[in-house]
Every structure is written in C-alpha cells, then in structure tokens.
Amino acid sequence: MARPRRIVLIRHGESEGNVDDTVYEREPDHALSLTPAGLRQAEEAGGPLREMFGDQRVSAYVSPYRRTHQTFRALGLDPARVRVREEPRLREQDWGNWQDRDDVRQQKAYRDAYGHFFYRFAQGESGADVYDRVGAFLESLWRSFEDPDHPPNVLIVTHGLTMRLFCMRWFHWTVADFESLSNPGNADRRTLLLGENGRYTLDRPFDRWCQPEPYGATG
C-alpha cells in the first residue's frame, strides 16, 4: 500500500456568501464565487503549497462548488504534476435549496442550541449526514492507496465543516470533540503527516471555542 506522505486539507477562499448572506436568496450555494479578497487568499495559499510539494506528484480532490474550483485554480499548482478530480462527497453541508435569510438565521440559532452534529436543516443535512458521506469518500481514498504508484501527496479543496468532519472520521474523534472545534479560516489548511510509525498526525489543531463535554467512557 502506497500511503501518501501528506494529506492536505484546505478551505476555499472568502466567498460571496461569507460577506453577504442575502446572496443565498438569489444564487444557489454551489454557484457562489470567490470575492476579490478570497481570490487573493487562495493565491497567497498557493505559494507555501507549491514549496511543500516541490516536484512531487499530487492527487487532488475538489468539491464541486464554484468557489472550491476557483480556489484550486488560484493555488497555481503545476498541472503536469497534479491529477485532479471533482468529488461531490466533499461538498458543503446542504442547507436546503433557495434559502430565506431570516429562516436560515433562525435555523442556525436552533443548530447552535441543539448541536452542530445532530441538527438537520429543513430540506437539508445534519453534520451527521455530512460525516457519513465523508466516511464513504475516505473508504474510496484508502482503496486508492493500494495503487503502488499513488502520488506521495493528496490535496483536498473543500469547506470548513467538511474539513472538521474529515478529521473527526480519520482520527476517531468523539461528537463532543467535534462540537468544541471552530471552523478554519478561509484558505486555511490542515495537513495529515505520515510518521515513521505508520500513523498520521495533524500538523496543528483546530481552534477550540469551548471544552468538550462527553457523555460517557469514550470521551
């Protein structure tokens, strides 16, 4: 099994929806673009990534949203060294289709009270739903490592919640651990590094907004 040396997760740059939540009433979430600031964030994030990867090959997976595709392109990676695939299972949490701003704000307040992992948006998904599809993607990713010629680097361009749930699934974090973590910033990244013991470690933790409060023995 040719496991990659590193698996890099990066959130998209600032999007139109990050600065104006009324845009969801006019545009589908998947069609929102990066702002000029978001494009600059992605371009600035590309330099350290290009230095990290050097002349090594990269297997890249990109959420099917416009802002993640724009982020990937702005990273400026060498197309001769990158194999890129669109991966729908890495999309943003579904909040429903056309969104009413006031309704979504109310539902987000309910989610904050109920719990981000278990609360399901009307006509949308819960964090648990996203966890399940991220788990299905991980199974496919592990099967790809069976290729002896698998690239030494994996790059995943996705969304903040999806990044946290990917790590939750990978490292077997509890729901309480997940609930205590904040999303990374726009164009921020986390890297899973393969150690000499054959295990992956996270290069740096997610910020915590509270201490986890587990229910039982697994905490």
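The questions and answers below go through contacts in a predicted model.

User: How many aromatic pairs does a search of the whole structure find, and is the pair of Phe166 and Trp170 stacked or edge-to-face?

Analyst: The search covers the whole structure and gives 14 aromatic pairs. In one of them, Phe166 and Trp170 have ring centres 5.8 Å apart and planes at 20°. Planes under 30 degrees apart count as stacked. The count is 14 aromatic pairs, and the pair of Phe166 and Trp170 is stacked.

User: Which helix holds both Phe166 and Trp170, and are these residues buried or exposed?

Analyst: Phe166 and Trp170 are 4 residues apart in sequence, so about one helical turn separates them. Phe166 has 1% relative accessibility, and Trp170 has 12%. Buried means under 20%, so Phe166 counts as buried and Trp170 does too. The helix is H6, residues 160-171, and the state of Phe166 and Trp170 is buried.

User: What is the geometry of the ring pair Trp173 and Phe206?

Analyst: The ring centres of Trp173 and Phe206 are 6.2 Å apart. Their planes stand at 90°, so the pair is edge-to-face.

User: How many residues apart are Trp173 and Phe206?

Analyst: Trp173 is in the loop between H6 and helix H7 (175-179). Phe206 is in the segment after strand S6 (200-202), so the pair links distant parts of the chain. The separation is 33 residues.

User: Which charged residue sits over the ring of Phe206, and is Phe206 buried or exposed?

Analyst: Phe206 has a relative accessible area of 5%, so Phe206 counts as buried. A charged end lies 4.9 Å from the centre of its ring. Phe206 is buried, and the residue over its ring is Arg190.

User: Which helix gives the largest share of the largest nonpolar core?

Analyst: This core has 26 residues, and those touching the most other members are Ile7, Leu141, Ile156, Phe166, Trp170 and Leu192. Two or more residues come from each of strand S1 (6-11), helix H5 (127-144), strand S4 (153-158) and H6. The largest share is 7 residues, and the helix that gives it is H6.

User: Which residues does Ile7 touch, not counting residues up to four places away in sequence?

Analyst: Ile7 is among the members of the largest core that touch the most others. Two of its contacts, Phe166 and Trp170, also form the stacked pair. The residues touched are Phe145, Val154, Ile156, Phe166, Trp170, Arg190, Thr191, Leu192 and Tyr200.

User: Where is Thr71, and is Thr71 buried or exposed?

Analyst: Thr71 has its place in helix H3, residues 66-74. Leaving aside neighbours within four places, Thr71 is in contact with Arg11, His12, Gly13, Leu34, Ala42 and Val157. Its relative accessibility is 0%, so Thr71, in helix H3, is buried.

User: How many disulfides are there, and which cysteine sulfur is nearest to that of Cys167?

Analyst: A disulfide needs two cysteine sulfur atoms within 2.5 Å. The sulfur of Cys210 is 17 Å from its closest cysteine sulfur, in Cys167, which is too far for a bond. Cys167 counts as buried at 0% relative accessibility, whereas Cys210 counts as partly exposed at 26%. There are 0 disulfides, and the nearest sulfur to Cys167 is that of Cys210.

User: How many residues apart in sequence are the parts tied together by the salt bridge of Asp29 and Arg67?

Analyst: The side chains of Asp29 and Arg67 meet at 3.0 Å, N to O. Asp29 lies in the loop between helix H1 (16-19) and helix H2 (36-53), and Arg67 lies in helix H3, so the bridge ties these parts together. Asp29 counts as buried at 11%, as does Arg67 at 2%. The parts are 38 residues apart.

User: Which residues are joined with Arg91 into one network of salt bridges?

Analyst: Arg91 meets Glu125 in a salt bridge of 3.6 Å, N to O. Arg91 lies in the loop between strand S3 (82-86) and helix H4 (101-114), and Glu125 lies in the loop between H4 and H5, so the pair ties together parts 34 residues apart. Arg91 is partly exposed at 22%, and Glu125 is buried at 9%. Salt bridges that share partners join Arg91 with Asp94, Glu125 and Arg133.

Methods
Residues numbered from 1 in each chain as written. Predicted model: local features only at pLDDT ≥ 70, side-chain atom pairs only at ≥ 80, totals over all residues. Heavy atoms only, no water. Phe/Tyr/Trp six-rings, centres within 6.5 Å; stacked < 30°, edge-to-face > 60°. Buried < 20%, exposed > 50% of the residue type's maximum accessible area, 1.4 Å probe, protein only. Lys NZ or Arg CZ within 6 Å of the ring centre and 35° of its normal. Core = buried A, V, L, I, M, F, W, Y, C linked by side-chain atoms within 4.5 Å. Contact = heavy atoms within 4.5 Å. Salt bridge = Lys/Arg side-chain N within 4 Å of Asp/Glu carboxyl O.
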